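Visitor: I have a list of terms and would like to know what earns each of them. Could you take me through them?

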Amino acid sequence: MKGISSPTSTGNALSSKLAGPLPSFDFNPLGRVLFGAGTLARLAEAVRELGGSHVLLVTDPGLNQAGHPQRAIKLLTEAGLRVTLFDGVEENPTDRHVEAGTAMAKQAGIDILVGLGGGSAMDCAKGINFILTNGGRMADYKGHGKATKPMLPSIGIPTTAGTGSESQSYALITDESSHLKMACGDRKAAFRISILDPELTLSLPRSVSAITGIDAIAHALESYVCLKRNPVSQMAASTAWRMLEPNFDLVLDDPKNVEARSAMLVGAHFAGMAIENSMLGICHSCANPLTAHYGIAHGIAIGLMLPHVLRFNGQTIGNLYDELAQETRMHNGQPGYEAIAQRIEAMLHHAELPMRLRDRGVSQSILPILAEEANQQWTARFNPRPVTETDLLQVYQAAW
């Protein structure tokens, strides 16, 4: 597509594996994906296809200025569908937000959910679906496959190119008492249909485009190398990397470039697909305590840690980073992990995002506590280089 920077791959991301036996895998796609500029117009059609008549529209109040919820409501009501709006979602939704949305859904008698927004809105919609149909508390569903009853059909509509939540069966919900993120997964909770409309991302402030873009890039990089990687997840991750890396700067410099926005949105979706079929690593386990203690936005926390995680992991699985660096022609005689780390740092600088923990007021004295908490995060167990609390402290110190 004209306007999208998408370099031709100089090699196949799986080529090193095809020389020997191909690893076994189990790939079961989650749902249908509708992509294209203006695709939001097909929302009512999608709801009817899934048999819905009364929609719970889960979103956040920050989208009202952009007019996205109003447009969705108009499309649905003009098609003769009923809509109940729950716009009480905040960043990093907790079990409290899920409970509030569930109470509204019960009172209204809805039969389908639509998550419209960033990862927070989509994750909250999934969480509501768990409790509305299966009862209990979010903590009951920590892990995977713990919902015993059928769940309502749902539709995911991302308005940021970031989390890729629309392509995953997990809801990330924070336990309000412990501040720990709970990964609650079940195939029944996955969106039956995802609508990827790049026009919904045109109104994003530059800072939000940057923060969510860095998160998506980290998803691609971490899922490509994590211990649960497999041919399908690596194919999705490398595709995401090739779409995200060259278009990140384009979107910041030309925010109305629909084609670059398209590449970022689809790239984020592929990165989410890669996570669904593999896992993440210590970049995310280190980022979560920063959000819990300092309220640092998730994508900013990811950006602060990512270059240092790349350098840490590169000592063990540098060959995998070499493959990704080759995909986007950034070797330049350096190890792949170093070339990618420097590219991430250049992105952060271009986006005017902080590059050191101390720039965000993180105290050096709290680093041991952060390392202890990061070591308790589930994603740390899937990091390609085994880590201890001491290792994580060293990564934090490098980022400080």
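Guide: On a 1 Å grid over the protein atoms alone, a pocket is an open set of points with protein on both sides within 12 Å along at least five of seven lines, a cavity is a set where a 1.4 Å probe fits but cannot get out, and lining residues have an atom within 4 Å of a point. The model is predicted, so local features need pLDDT of at least 70 and side-chain atom pairs 80 or more, while totals for chains, interfaces and linings use all residues. Residues are numbered from 1 along each chain as its sequence is written, and side-chain values use heavy atoms, with hydrogens and water left out.

Visitor: What makes up the lining of the second largest pocket?

Guide: Glu91, Asn92, Thr94, Thr174, Glu176, His179, Lys181, Asn288, Thr291 and Ala292 line this pocket. Its volume, meaning the space filled by probe spheres set on grid points joined across faces, edges and corners, is about 180 Å³. Helix H9 (residues 282–294) contributes the most to the lining, with three residues; helices (H or I, at least four residues) and strands (E, at least two) are DSSP runs numbered from the N terminus.

Visitor: How do you know how many lining residues of the second largest pocket are nonpolar, polar or charged?

Guide: Ala, Val, Leu, Ile, Met, Phe, Trp, Tyr, Cys and Pro count as nonpolar, Asp, Glu, Lys and Arg as charged, and the others, Gly among them, as polar. By that rule the lining has one nonpolar, six polar and three charged residues.

Visitor: What is there to note about phi of Asn92?

Guide: Most residues other than glycine have a negative phi. Asn92 has a positive phi, near 55°. Asn92 sits in the loop between strand E3 (82–86) and H4. Glu352, in the loop between helix H11 (336–350) and helix H12 (367–376), has a positive phi too, near 60°.

Visitor: Why is Asn92 called buried or exposed, and what of Glu352?

Guide: Buried means under 20% relative accessible area, exposed over 50%, and partly exposed in between (1.4 Å probe, protein chains only). Asn92 is at 17%, so it counts as buried. Glu352 is at 67%, so it counts as exposed.

Visitor: How many cavities of 30 Å³ or more are there, and what lines the largest cavity?

Guide: The search of the whole structure finds two. The largest cavity holds about 50 Å³ of space and is lined by Ala161, Thr201, Leu204, Ser209, Thr212, Val251, Arg261 and Met264. Helix H6 (206–225) and helix H8 (258–276) each give two or more residues to this lining. The lining divides into four nonpolar, three polar and one charged. The second largest cavity has a volume of about 30 Å³, and residues lining it include Met122, Pro158 and Ala161.

Visitor: How do you know what span H6 should have?

Guide: The expected span of a helix is 1.5 Å times one less than its number of residues. For the 20 residues of H6 that gives 28 Å, and the end C-alpha atoms are 29 Å apart, so the two agree. H6 is also mostly covered, with 17 of its 20 residues buried. Ile211 is in H6 and, at 17% relative accessible area, it is buried.

Visitor: What makes H10 fall short of the span of a straight helix?

Guide: H10 (residues 298–327) has 30 residues, yet its end C-alpha atoms are only 27 Å apart, short of the 44 Å a straight helix would reach. H10 also bends by about 105° at Ile317, where the bend is the angle between axes fitted to the seven residues ending there and the seven starting there. Of its 30 residues, 24 are buried, so H10 is largely enclosed by the rest of the structure.

Visitor: Why is the aromatic pair of Phe130 and Tyr141 called what it is called?

Guide: Rings of Phe, Tyr and Trp (its six-membered ring) pair if their centres lie within 6.5 Å; planes under 30 degrees apart count as stacked, over 60 as edge-to-face and the rest as tilted. Phe130 and Tyr141 are 5.1 Å apart centre to centre with 35° between the planes, so the pair is tilted. Phe130 lies in helix H5 (residues 119–134) and Tyr141 in the loop between H5 and strand E5 (143–144), so the pair ties together parts eleven residues apart in sequence. Both Phe130 and Tyr141 are buried.
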